[in-house]
Amino acid sequence: MKATTIALISVLGVIALSVIWFISAGNTLVALDEGVNSSWGQVQNVYQRRADLIPNLVNTVKGYATHEASVLEAVTQARASVGQIKVNGPEDIKKFDAAQGQLSSALSRLMVISEQYPDLKANKNFLELQSQLEGTENRITVERQRFNDVTKDFNTAIRQFPASLVAGMKGMKQRDYFAAKAGADQAPEVKF
């Protein structure tokens, strides 16, 4: 009887430890998943900050460069297309990133135009907006790096045994990273 009781207690102890481990592993994976979601929210936040600054920048440039309507319209359209993308999965992140790339390209063309207007380059409002955009671009870079860092932690956790068993049961899948665009490995050519 004593051996049976010890065996039963041992089996119940192993089952209890397994249940505790399963719950703990599940909670850890949920926390990592929420970390990825939170980081993605911050990426969207800094992109939104940039989108909020663009109308002010466009209006400031409009006052000086009225005949550059096509570039101003491209910036406005790119900003609008970014706002229409809803991110619900990995493919949406790629679409979002592509739209942000188009917006970055349009903003670059806008900054080139500003070089053609000496009064605009000296305008306090324009300089402040340009500085705000530069700071925002730096924030975007930092937040994208943070997103990739927490995504790496999550992806590593769900692939490691035995947590991969819990991840599989909960339907957790690897998350995509932000990746450099094609040609980003080559320095841009500057011509004067």
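The following legends accompany close-up views of a predicted model.

**Figure 1. Overall architecture and confidence of the predicted model.** The protein contains six helices and zero strands, which follow one another along the sequence in the pattern α-α-α-α-α-α. Of its 192 residues, 32% count as buried. Among contacts between residues at least 6 apart in sequence, 77% join residues at least 24 apart. The average pLDDT of the protein is 78, and 80% of the residues score at least 70. Confidence is highest in helix 6 (residues 163-170), with a mean of 90, and lowest in helix 4 (residues 118-122), with a mean of 61. Where pLDDT is low, the predicted coordinates should not be read in detail.

**Figure 2. The second largest pocket and its lining.** The space in this pocket amounts to about 210 Å³. Ten residues line the second largest pocket, and those closest to its centre are V87, N88, G89, I93 and R175. Helix 1 (2-64) and helix 3 (90-114) are the elements that give two or more residues to the lining. By residue class, the lining comprises five nonpolar, three polar and two charged residues. R175 appears again in Figure 3, where the side chains of R175 and D33 meet in a salt bridge.

**Figure 3. The salt bridge between D33 and R175.** A search of the whole structure finds three salt bridges, one of which joins the side chains of D33 and R175 with an N to O distance of 2.5 Å. This pair links distant parts of the chain: D33 belongs to helix 1, R175 lies in the segment after helix 6, and the two are 142 residues apart. D33 has a relative accessible area of 18% and is therefore classed as buried, the limit being under 20%. R175, at 26%, is partly exposed. Side chains of opposite charge can pair when their charged atoms come close.

**Figure 4. The salt bridge between R146 and E143 in helix 5.** The closest N and O atoms of R146 and E143 are 3.0 Å apart. R146 and E143 are separated by about one helical turn because they stand three residues apart in helix 5 (residues 124-159). The partners fall into separate accessibility classes: E143 is buried, with a relative accessible area of 9%, whereas R146 is partly exposed, with a value of 47%.

**Figure 5. The salt bridge between K152 and D153.** The side chains of K152 and D153 meet in a salt bridge with an N to O distance of 3.5 Å. D153 is partly exposed, with a relative accessible area of 39%. K152 likewise counts as partly exposed, at 42% relative accessibility.

**Figure 6. The surroundings of Q100 in helix 3.** Q100 is located in helix 3. With a relative accessible area of 1%, Q100 is buried. Leaving aside residues up to four places away in sequence, Q100 touches Y47, R50 and V82. Helix 3 (90-114), which holds Q100, is also among the elements that give two or more residues to the lining of the second largest pocket shown in Figure 2.

How values were computed
Residues numbered from 1 in each chain as written. Heavy atoms only, no water. 1 Å grid on protein atoms, 1.4 Å probe; cavity = no way out; pocket = protein on both sides within 12 Å on 5 of 7 lines; lining within 4 Å. Points joined across faces, edges and corners; volume = space filled by probe spheres on them. Helix = DSSP H or I, 4+ residues; strand = E, 2+ residues; numbered from the N terminus. Nonpolar A, V, L, I, M, F, W, Y, C, P; charged D, E, K, R; others polar. pLDDT = per-residue confidence, 0-100. Buried < 20%, exposed > 50% of the residue type's maximum accessible area, 1.4 Å probe, protein only. Contact = heavy atoms within 4.5 Å. Salt bridge = Lys/Arg side-chain N within 4 Å of Asp/Glu carboxyl O.
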